[in-house]
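Student: I have a new model on my screen and would like to talk it through. Could we take it one question at a time?

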Amino acid sequence: MPRPAVVALAAALLLGASFGATPFAGASYPVLPASDGGELLSNLSAPVLDPGGSGPIGYELANPFAATMSSIRLEFGVYAFSAYPGNSTSPLPASGVPALAGPNGTGSSVTVLIGALPPGGTYPGPSGSELAVSAPSSAPSGTFSIRTALTFTEGGSVYRFESRGYFSTAQWENATLLTNRTSTLNLSRLGVSGVLPETAVLVEGPSLAPWIDAILGGSIVLAAVGGYVAWRRGPGSSSGARPAAPSQSAPRALGTSRTSDGD
């Protein structure tokens, strides 16, 4: 029987790596407070699946601003694989990759077009998530990392948020480590308005089952990692466009745990 979805997220954050640079590389977006990523996208979860199984991707998008968010695009994409046994992180295998299914299509990546959210509004709301994931019967045992991205217009400005999976190891370290190896978060170096959380789908084959409880035991680190973009949560965001803020500081959290540079 599938264990709690938190297992998949634990495995992804402990074992995952970045494979693929952001398609928005070179773009520059207004910088927002570091806590905004956690306020915008929360309750992110993925199921634990048997090969051939399917389940929902849970999430909630909220508008923490005092003005309406419009032209909202929320993106999900399967981008990396951590195999078991060995826990070696690599690009996606040639076959057996789980497929995402959303209101606007099916594939390794999907985009949810939300339109607009008023101040304090949430999506998808009480009806629950319309996003699902399915694992083919040929899916190998391990975790499939799912990155997230969000673009929207608010107060006359366009903002872009991306999760860790959109950046190579070099890009991430350049933005999150100072020369003395202490932690920081320089969003201007990443070229985005903020950072979002991400998750992963755990495919549990017969050989993987005896080890899931051990992974679950290590999932306590999620309390720190899940709050990565919401650390030192301050006052709510104000409305309207904002000038670029100075470099933000954040705990190392995902740090240098990625093992390979992006493409």
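Student: Glutamate 75 and arginine 160: are both buried or exposed?

Tutor: Good place to start, and keep in mind that this is a predicted model. A residue counts as buried under 20% relative accessible area. Arginine 160 is at 0%, so it falls under that cut-off. Glutamate 75 and arginine 160 are both buried.

Student: How far apart are N and O where the side chains of glutamate 75 and arginine 160 meet?

Tutor: Glutamate 75 sits in strand 5 (residues 69–83) and arginine 160 in strand 13 (residues 157–163), so the pair links distant parts of the chain, 85 residues apart. Their side chains nevertheless meet in a salt bridge, for which the cut-off is 4 Å. The N to O distance is 2.9 Å.

Student: Which residues are joined into one network by salt bridges that share partners?

Tutor: A search of the whole structure finds two salt bridges. Arginine 160 forms one with glutamate 75, and arginine 160 also forms one with glutamate 162, where the closest N and O atoms are 2.9 Å apart. Glutamate 162 is buried too, because its relative accessibility is 0%. The shared partners give one network of Glu75, Arg160 and Glu162.

Student: Why does proline 47 count as buried?

Tutor: Proline 47 lies in a loop, between strand 1 (41–45) and strand 2 (48–49). What decides the matter is the cut-off for buried, under 20% relative accessible area. Proline 47 counts as buried because its relative accessibility is 12%.

Student: How far apart in space are proline 47 and alanine 200?

Tutor: In sequence, 153 residues separate proline 47 from alanine 200. From C-alpha to C-alpha, the distance in space is 8.3 Å.

Student: In what order do the four strands of the open sheet run?

Tutor: Let's begin at the edges, which are strand 3 (54–56) and strand 8 (105–107), each pairing on one side only. Strand 3 pairs with strand 11 (residues 132–134) in the antiparallel sense over three bridges. The pairing in this open sheet is antiparallel, and the order is 3-11-7-8.

Student: Which residue in strand 11 stands opposite glycine 55?

Tutor: Strands of a sheet pair through backbone hydrogen bonds. Here strand 3 and strand 11 are paired, and the residue opposite glycine 55 is valine 133.

Student: What share of the residues in the chain is buried?

Tutor: The chain has six helices and 15 strands. Of its 263 residues, the buried share is 50%.

Conventions: Residues numbered from 1 in each chain as written. Predicted model: local features only at pLDDT ≥ 70, side-chain atom pairs only at ≥ 80, totals over all residues. Heavy atoms only, no water. Helix = DSSP H or I, 4+ residues; strand = E, 2+ residues; numbered from the N terminus. Buried < 20%, exposed > 50% of the residue type's maximum accessible area, 1.4 Å probe, protein only. Pairing = 2+ DSSP bridges.
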